[in-house]
Amino acid sequence: MTHKKIGKERKRFWVIKVEGEADEIRPQKISKYIKAMCGIAGIISAKHNIEDLQEMVKLQKHRGPDHTGEYTDPGFCRLGHNRLSIIDLSAEANQPFTDNSGRYHLTFNGEIYNYIELKQQLKGHYNFKTNSDTEVLLAAYSVWGKSCLNRLNGMFSFAIWDSLEKRLFAARDRFGVKPFFYVKNDNEFYFSSEIKALNSILKHSDPNERVWANYFAYGSYGMPGDTFYQDIQQLPGGYFLEFQDGNLKLEKWYNFENRLKDYSGTLSFKEAKQSYTEILKDSISLRFRADVPVGFNISGGVDSSLLLALVNKSQENNKIRAYTFYTGHKNYDELAWVEKMIKTTQNPLEKVKIQPTDVIEKARFLSDIQDEPYAGIPTLAYATLFEAAKKEGIKVLLDGQGMDEQWAGYDYYQNSNNTNIIQGLGKTSPFKLQVLNPEFQKLAKKPVYPKPFNNNLQNLQYRDLFYTKIPRALRFNDRISMAYSTELREPFLDYRLVEFAFSQPEAHKIFNGIQKFLIRKILEEIAPKNLSYAPKRPLQTPQREWLAKELKNFTDDNLEKLRYSKASNWFNFKEIEKEWKNYQAGDNQSSFHIWQWINTALLMGD
């Protein structure tokens, strides 16, 4: 780790720098050349035809409607790409992208935010033809090999075909912001950005009943390599894979626990606040490298308020358009808190009202987009922000995901006996095991998560970061944003921020019962105090009320559909009927189980 002094004071403020990487703290720049989110696909096989690949990229076209590209190494490999163009619209930057030697071929989804700095380091080793981060990524691999991954600051999922060695190399970013699904079938290998593309090759993939059983029994969405499909897996965040001659090898390239060992010593609260603020400003600056209008999703919470305040402190990024949703239900809406913040910053605000009819209209569409279970009406409400942004020509949106996991923002971080991974439950269990048929229920095994640290708080944060909260949110968010051909950037998930915050002592995170304490102290200097100490509100939509009342017929219809679905043998429908009646009668502290059944019907009903 590098120790650098920031500012004029001779005090030790720490900024983390990866070995061999250009300095990460810099004046803000606005780049004119950066590509955008995309869809990737590939077939490593001697026998599949081009129509198979074309069907895969067709099913992912919403991820990149601006260009579709293909590459073929006859008898070995086919690569496909869907491009969402933001800047550098030249055909030379289209993908799959081939390096100068003609040996390496890349299909890439994501952003390499520090590509300008990397390009400077590579100029003596590679002759660049474009202004894209795509070419920088491929040049980095051709010069540094797989070790290039440690130099990348970004969100990415990519595959590189070596046409000389006949080998595929693929990697996913540290926290799994961008997806990578794959199937290994004997000597063949297929990959894509979305499950539906792989299902087009498989024609049929049975449900992974173990994952489904754990979903109903424990609220788990699977371990890092799991999907809800028997034959389809995903590359975990922070891993790479190699496939050659029918052999598949996975390897972890990002070791979070080892990275934290670099953070030896203890900073004072003031020093930690200063250092974190500097990295945060730089992270935001990197994610404003775009030459198109950038929008911002805002709730009334501390995290998005902090992000908006910092964005507006930069004159170049002033007055970006903000998007928020509301339902008109006073017990859930955050609109009043949002408007307090907007009154301070004077950003234009687009308020999107969510109504029960929106659920009826969009629930099936989102199930088709997600391919797997999603988190109910809050996810649907979030999707409307991307729909609104797309209508207004906004191709890039930022949000505040990741702060609760860094700075211990969830209520259970203060209760070591609370192992829930579902928020807002009170004392009611959301899991109704009696509705599961015994044979199916036996498949459920309570997930056991690693505990690499010597304290309960960090182990809970670690669980949420790599196994529960963040993987689940990133999966929902990627598929929502891509459904509307929109790029979503997560400034708080810059790995430098996560590592720094995670390593801080508990008193910097929770002080006198106040959670996310350091973040609140940063915000109170640049926003109204009542915002910086606003309580966390775990529920933002009236899902529990709507399902029983305004959406009663919708719920009835889907419970009936579930009875005749492919999943019908998993359930005891007499018990489901009993639970549904109890719910309508007022036993509705949790609506999670009701949404599970609806979502399963949407996914598995004919």
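**Exercise 1. The hairpin of β2 and β3**

Task: In this predicted model, work out how many residues lie between β2 and β3 in their hairpin, and which residue in the turn has a positive phi.

Solution: Begin with the turn, where 3 residues stand between β2 and β3, and where Gly-75 has a positive phi of about 85°. Next, follow the two strands away from the turn: β2 covers residues 67-73 and β3 covers residues 77-83, and they run antiparallel, joined by 7 bridges. As a last step, pick out one pair of partners in this ladder, for example Thr-68, whose bridge partner in β3 is Asn-82.

**Exercise 2. The antiparallel sheet**

Task: Find the order of the 6 strands in the open sheet that contains β4 and β12, and explain why one side of each of these two strands is left without a neighbour.

Solution: Reading across the sheet, the order is β4-β5-β6-β7-β11-β12, and the pairing is antiparallel. The strands β4 (97-98) and β12 (247-252) stand at the edges and have a single partner strand each, so one side of each has no neighbour in the sheet. To look at one of these edges in detail, take β11 (residues 239-244), which runs antiparallel to β12 and is joined to it by 6 bridges; here Tyr-239 has Lys-252 in β12 as its bridge partner. Finally, add the helix: α3 (residues 133-144) lies across β4, β5, β6 and β7, and it runs at about 125° to β5.

**Exercise 3. Two aromatic pairs**

Task: Classify the aromatic pair of Phe-156 and Trp-253 as stacked or edge-to-face, then do the same for Tyr-263 and Phe-500.

Solution: A search of the whole structure finds 51 aromatic pairs. In one of them, the rings of Phe-156 and Trp-253 lie 6.2 Å apart, centre to centre, with 25° between the planes; since planes under 30 degrees apart count as stacked, this pair is stacked. Its members come from distant parts of the chain, with Phe-156 in strand β6 and Trp-253 in the loop between β12 and α6, 97 residues apart. Both Phe-156 and Trp-253 are buried.

For Tyr-263 and Phe-500, the centres are 6.5 Å apart and the planes make an angle of 75°; an angle over 60 degrees counts as edge-to-face, and that is the class of this pair. Here too distant parts of the chain are linked, for Tyr-263 belongs to the loop between α6 and α7, while Phe-500 belongs to helix α16, 237 residues apart. Tyr-263 counts as buried because its relative accessibility is 9%, and Phe-500 counts as buried because its value is 0%.

**Exercise 4. A charge over two rings**

Task: Determine over which rings the charged end of Arg-174 sits.

Solution: One ring is that of Tyr-254, whose centre is 5.5 Å from the charged end of Arg-174. Another is the ring of Tyr-495, where the distance from the charged end of Arg-174 to the centre is 3.8 Å.

**Exercise 5. The parallel sheet**

Task: Describe the open sheet of 5 strands that contains β16 and β17, and state which helix packs on it.

Solution: The strands follow the order β15-β14-β13-β16-β17, with parallel pairing. At the edges stand β15 (349-353) and β17 (487-489), and because each has a single partner strand, one side of each lacks a neighbour in the sheet. Neighbouring strands are turned against each other by 30° on average, direction ignored. Looking at one pair, β16 (residues 396-398) and β17 are joined in the parallel sense over 3 bridges, and Leu-397 stands opposite Leu-488 in β17. The helix is α9 (residues 335-345), which touches β14 and β15 and whose direction makes about 170° with that of β15.

Definitions and conventions: Residues numbered from 1 in each chain as written. Predicted model: local features only at pLDDT ≥ 70, side-chain atom pairs only at ≥ 80, totals over all residues. Heavy atoms only, no water. Pairing = 2+ DSSP bridges. Helix = DSSP H or I, 4+ residues; strand = E, 2+ residues; numbered from the N terminus. Contact = heavy atoms within 4.5 Å. Axes fitted to C-alpha atoms, helices over the stretch in contact; angles between N-to-C directions. Phe/Tyr/Trp six-rings, centres within 6.5 Å; stacked < 30°, edge-to-face > 60°. Buried < 20%, exposed > 50% of the residue type's maximum accessible area, 1.4 Å probe, protein only. Lys NZ or Arg CZ within 6 Å of the ring centre and 35° of its normal.
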